[in-house]
Every structure is written in structure tokens, then in C-alpha cells.
Amino acid sequence: MAYSDDFERASSLAQRAVERMQTEGLAPIPENFTLFYAYYSGQFPDLTRAVDIARRDGASLSQAHCDELFKRFFTLDAEAQAIRETSERARMALGKILEMLNSVGTETNRYGNALAGFQGELEQPMSLEDLRAMVAAIAAETTAIVERQTRLQTQLLDSSQQLAEMRVSLDSARREAMTDGLTGIANRKAFDLALATAAQEAAADGLPLSLLMVDIDHFKKFNDTHGHLVGDHVLRLVAKVLTECIKGRDTAARFGGEEFAILLPRTELENALKVAEQIRTSVGSRQIVNKGRNVSYGNVTLSIGAAQHRIGEPLADTVRRADAALYAAKRNGRNRVQGEEA
């Protein structure tokens, strides 16, 4: 990523990044420095927001969370990497196919020239031995080109299979690039695409579109108390409940950290609030249990903000209003659903 900071500003940002690492108790490694330099630069709003969300409950950022943020914002996109690798493989496979086809053309021309030569000789008087020899030569040339065509068919089949495998690989990479690895639901990238598509459809057919922003209350404290494995279990549980409570064209996504988003096409705010309440109640009723050790960790609660998309407004504004409602739910005591302000 490129920055346009002058020396004085860059030095200030670097100092703030180092101080933030010290405050958070994080190792002064390049990945952490890059993360916080970008955070303080203000050039990457999504990153700034993700870090702020991570600190929403007042807990320190863990190294695991920083690793996740660095991977999300600074490493090569998995889909782009797969496209790069598969493109190179496809280029090589197509090169081989063209080489084979050129070879076929050369061999076919040679065979045609040979037959033309034989035809010319047949027009001349010849002995039985000469005729026998010519027939043998024609048979040999024919056998040779048939063998070459058979080898070519096999090679083309192999290349076709390779190209089919590349397509499967790209499709798989596409799915992985759109799926959150921990929870198995849509990730932020998939959500952004779904939101853009839903907004276009809402504008075209005039039907409502609502958005829920969902946050697990005191998740950092829960994570620090019971460990990341239990925290991961909670995230998967919440994702499962979200998918159980939505239907049809609705989309549930992990927005980042312990925050989720739910897209509700053809749904007015009033009904979106009902869906949100159903989700909040369902999650709150679930006990977090380690069956192997017969240990209960209690339950977790959700705060949920809801907003309805306004036709023609920037999508970032829709997200901002739903997020503001979520913050209001947090301020008003958590474990509640809050609609956007009129």
C-alpha cells in the first residue's frame, strides 16, 4: 500500500504506531507496526473501523486479532492469488495445445505430400515388386500418422482435464474468498457484493431493503476469560443461529471480529426489528457448554442495530446508520435491539 505522507507526518504516525503497540502490550513486529501506522494514517476507513470495533468493549487487542486484521487488509487476496496461479497454468496448457495443433498441421501436410508423391508414381509403369513396396510405404505412412493422431488425442484429453481442474480450482477459490473460514457464512467481501446487488434491485423494483448490524456483548472479556477456542465456538454458534433465523434471499455475514451483518431484502424496518429480536432471544437462550468436560460457560448476549436503506443513498450511509443504532443499543445497556433514529 502506498502512502503520501511527508517526513514529519510519517515520523509522527510511526511514533504513534509504536506507542500503540506498547500500550496494547503487543510485540513490535513489522505486521503490527504496519497495522497501526495504517490505522493512524486515516487512509483506510475500513481498517480504522475494524480496530475501533475490536476495542468497543474496552478490552486490549490480542495478537491473534491483530494477525486476523493484518491478513484481511494487507495480504494478497486468496481469489487474486488463485487467479494468478491458475492463469499461469492455463497459459502453459494452452501453449502445449497450440504446439500440438501446429505439429498436427505439419504432420498432415507431410502425409498429404507423401500421398501426392505416391499418386504420381502410380501413374508411371512399375513392376509388381515396386507396387508392393509402394503399398507398404503408404501403409507405413498411414500407420505413423494414425499413431501420432492417437497420441495427440490422448494429449488433448489430458490438457482438457487440466483445464477442467483449473476451472474447479477457480470456483473453489471463489467460494473460499467469499466465505469466512471460521464460521462458514459469508465474509465481508461477499456481504459488500450482496449489499450492492440488493440495493440495485431495491432501486429497480421499489421494494424495501433493511440491514442489521449484530455485535456480541463483552466478547473480548469472554474470550480472554475462557480462551480463544471457546470464543471461536461462540462465533460459530452465533453464525449458526443467524442462518437459522433468516430465509430465502437474506444474507448473514461475518462483518469482522465479533460483529455480524444481516441483509434483509424486501423487508421493511418494522419487520427487520422482529427478525433482530428473534435472533437476540435465540442466542440469549443458548448455553455455552463444553460437553467433554461437562462445563458450562453461561450464555452470551447480542446487541443489534437496524436501518432501512434509502433508495439512492450511498451504501456506506446505510451501514453507518445501522452501526449507529448498534452503538446506541450498546450505550443503552446491551442485550437489546435498537432501530435507527428517524
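Reader: What makes β2 and β7 the edge strands of the five-stranded sheet?

Author: In this predicted model, the open sheet has the order β2-β3-β1-β6-β7, with mixed pairing. β2 (251-256) and β7 (337-339) each pair on one side only, and they are its edge strands. Neighbouring strands of this sheet are turned against each other by 20° on average, direction ignored.

Reader: How do you know that β1 and β3 count as paired?

Author: Two strands pair if DSSP finds at least two bridges between them. Strand β1 (residues 209-216) and strand β3 (residues 259-265) are joined over seven bridges, in the antiparallel sense, so the criterion of at least two is met. One of the bridge partnerships links L212 with I262 in β3.

Reader: Which helices lie across β6, and at what angles do they run to β6?

Author: Helix α10 (residues 269-284) runs at about 170° to β6 (302-308) and lies across β1, β3, β6 and β7. Helix α11 (residues 315-331) runs at about 145° to β6, and lies across β1, β2, β3, β6 and β7.

Reader: Why are α1 and α2 called oblique to each other?

Author: Helix α1 (residues 7-24) packs against helix α2 (residues 30-41) at an angle of about 120°, with axes 8 Å apart. The range for roughly perpendicular is 65 to 115 degrees, and roughly antiparallel applies over 145. The angle of about 120° fits neither class, and the two helices are therefore oblique. The crossing of α1 past α2 is right-handed. The residues of this contact divide into 11 nonpolar, two polar and four charged.

Reader: What makes α2 roughly perpendicular to α4?

Author: The axes of α2 and α4 cross at roughly 70° and come within 10 Å. Because 65 to 115 degrees counts as roughly perpendicular, that description applies to this pair. α2 passes α4 in a left-handed crossing. The contact is made by E31, N32, T34, L35, F36 and A38 of α2 with Q63, C66, L69, F70 and F74 of α4. By class, these residues are seven nonpolar, three polar and one charged.

Reader: How do you know that the side chain of S62 makes a polar contact with the backbone nitrogen of H65?

Author: The side chain of S62 reaches that backbone nitrogen of H65 at 3.1 Å. The cut-off for a polar contact is 3.5 Å, so the distance of 3.1 Å satisfies it. S62 is found in the loop between α3 (45-54) and α4 (63-74). Leaving aside neighbours within four places in sequence, S62 is in contact with L26 and H228.

Conventions
Residues are numbered from 1 along each chain as its sequence is written. This is a predicted model: local features need pLDDT of at least 70, side-chain atom pairs count only at pLDDT 80 or more; totals for chains, interfaces and linings use all residues. Side-chain values use heavy atoms; hydrogens and water are left out. Helices (H or I, at least four residues) and strands (E, at least two) are DSSP runs, numbered from the N terminus. A polar contact is a pair of N or O atoms within 3.5 Å; within protein, one must be able to donate a hydrogen and the other to accept it, and residues adjacent in sequence count only if both atoms are side-chain atoms. Contact means heavy atoms within 4.5 Å. Axes are lines fitted to C-alpha atoms, for helices over the stretch in contact, and angles run from 0 to 180 degrees between N-to-C directions. Angles under 35 degrees count as roughly parallel, over 145 as roughly antiparallel, 65 to 115 as roughly perpendicular and the rest as oblique. A crossing is left-handed if the near helix is turned anticlockwise from the far one by less than a right angle, and right-handed if clockwise. Ala, Val, Leu, Ile, Met, Phe, Trp, Tyr, Cys and Pro count as nonpolar, Asp, Glu, Lys and Arg as charged, and the others, Gly among them, as polar.
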